[in-house]
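User: I have a model open, and I would like to know what each label on it rests on. Could we begin with the strands and then go on to the core and the empty spaces?

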Amino acid sequence: MRTILISVFLIALISTGVVSPNSVGTNGSSPFWNLVPILRDSADVDSTDEVEPVVEETQDSVTMDIFVGFFSPYATLSSEFDGSSAEREDAHDIMVPDIHGESGWGVTVGFREVRNETASIIAEVSYYRAQHDYSWRGENGKAVLSGVGGTFVGSYSKYTIQPLFFLGASILQLRLDYGAIDNLGNRKRTVYSGVATNTGVGFNLTVSRHLWFSSRIAYRRYWFYSIELGEDFHSIENRKPDGLWLTVGLYSGVGVK
């Protein structure tokens with residue numbers, strides 16, 4: 001189409017005498033014929049061709065760590081353990097003590113994956129142990145809460161302070177120096193066995209690529225399903241306290257990718 005328009009334009013110039021095929025240009029040739037290369041080049045151009053946009057492929061940035069951590073947990077149990085009542089079970093009075101909130105220690109191993117330096121997914125396995133004071137009808141004793149649990153964590157890791165949320169579950173035991181009295185007045189060691197779930201939020205504070213602090217708070221729900229009285233085991237019901245679960249820890253990782 002462009003060639004046709006140029007040809008028509010030149011014919012019009014020649015017919016009006018503006019350009020003569022016999023006129024000589026400054027280089028000794030006719031200006032008319034100087035246009036021939038232009039016509040040829042324009043004929044070689046296909047005006048219908050479209051330039052395809054260049055699309056740059058982006059690749060996700062993924063880093064992976066295996067890490068260990070040490071943390072201090074603080075656990076509370078609700079009024080389900082009221083410190084005054086007792087339950088009768090097989091010639092025993094089982095105490096329902098008031099468990100005081102206390103801190104302890106724990107260790108964690110886990111795996112962390114960070115995508116595009118923005119989103120982190122963390123899987124952890126932890127062991128923890130905390131010694132509590134308890135009281136029952138004016139008497140005091142010691143209790144130990146221990147367990148093994150797993151936790152899944154998601155965090156926004158773009159900045160130094162990284163908000164997070166987590167879900168976890170534990171298999172645990174609550175051991176009391178004595179938690180039951182038989183008909184002869186003998187006190188017996190008592191062990192509650194059960195599970196617990198955690199749902200909470202927190203934040204990580206990054207020190208370096210492979211070192212960070214973590215602080216978390218969770219709502220914790222317990223289900224105690226059995227009790228050991230000395231050498232005897234008994235199933236129990238309606239012992240489902242809840243409470244708070246707080247942890248502060250230091251974690252260090254080694255990059256694997």
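Analyst: β5 and β6 pair in the antiparallel sense, and 12 bridges join them. An example is Phe111, whose bridge partner in β6 is Ala123. The model is a predicted one, in which local features need pLDDT of at least 70 and side-chain atom pairs count only at pLDDT 80 or more, whereas totals for chains, interfaces and linings use all residues. Residues are numbered from 1 along each chain as its sequence is written, and side-chain values use heavy atoms, with hydrogens and water left out.

User: What makes β5 and β6 count as paired strands?

Analyst: Strands are DSSP runs of E with at least two residues, while helices are runs of H or I with at least four, and both are numbered from the N terminus. Two strands pair if DSSP finds at least two bridges between them, and β5 and β6 have 12, so the condition is met. The two strands also form a hairpin with three residues between them, and Asn116 in its turn has a positive phi of about 55°.

User: How do you know that β1 pairs with other strands, and which are its partners?

Analyst: With β5, β1 pairs in the antiparallel sense over 12 bridges, and with β12 it does so over 11 bridges. On the β5 side, Met64 has Glu113 as its bridge partner and Gly69 stands opposite Thr108, whereas on the β12 side Asp65 is bridged to Gly255. Both counts reach the required number of bridges, and therefore both are pairs.

User: What joins β10 to its neighbours?

Analyst: β10 runs antiparallel to β9, with 18 bridges between them, and Arg221 of β10 is the bridge partner of Thr197. β9 and β10 also form a hairpin, with two residues between them. β10 runs antiparallel to β12 as well, through 11 bridges, one of which sets Ser214 against Gly249. In total the chain has three helices and 12 strands.

User: Why is Gly101 called partly exposed?

Analyst: Buried means under 20% relative accessible area, exposed means over 50%, and partly exposed lies in between, for a 1.4 Å probe and protein chains only. Gly101 has a relative accessibility of 24%, and therefore counts as partly exposed. This residue is in the loop between β4 (98-99) and β5. Leaving out residues up to four places away in sequence, Gly101 is in contact (heavy atoms within 4.5 Å) with Tyr74, Ala75, Thr76 and His132. Its C-alpha atom is 9.7 Å from that of Trp245, although 144 residues separate the two along the chain.

User: What makes the group around Phe81 a nonpolar core, and which strand gives the most to it?

Analyst: A nonpolar core is a set of buried Ala, Val, Leu, Ile, Met, Phe, Trp, Tyr and Cys residues joined through side-chain atoms within 4.5 Å. The largest such set has 35 residues, and Phe81, Leu174, Tyr192, Tyr222 and Phe224 have the most contacts inside it. Among the elements that each supply at least two residues are β1 (62-75), β3 (92-95) and β9, while β8 gives the most, with eight. Beyond its neighbours within four places in sequence, Phe224 has contacts that include Leu77, Phe81, Leu174, Tyr192 and Ile236. Across the whole chain of 257 residues, 37% are buried.

User: Why is one empty space called a cavity and another a pocket?

Analyst: On a 1 Å grid over the protein atoms alone, a cavity is a set of points where a 1.4 Å probe fits but cannot get out, whereas a pocket is an open set with protein on both sides within 12 Å along at least five of seven lines, and lining residues have an atom within 4 Å of a point. The structure holds two cavities of 30 Å³ or more, and the largest has about 180 Å³ of space; a volume here is the space filled by probe spheres set on the points, which are joined across faces, edges and corners. Its lining has 18 residues, with Phe71, Ser126, Thr151, Asn198 and Trp245 nearest the centre, and β8 gives the most to this lining, with four. The largest pocket has about 230 Å³ of space. Among its 13 lining residues, Arg112, Val114, Ser157, Gln162 and Arg209 are the closest to its centre, and β5 (102-115) and β9 (187-208) are the elements that give two or more residues to the lining.
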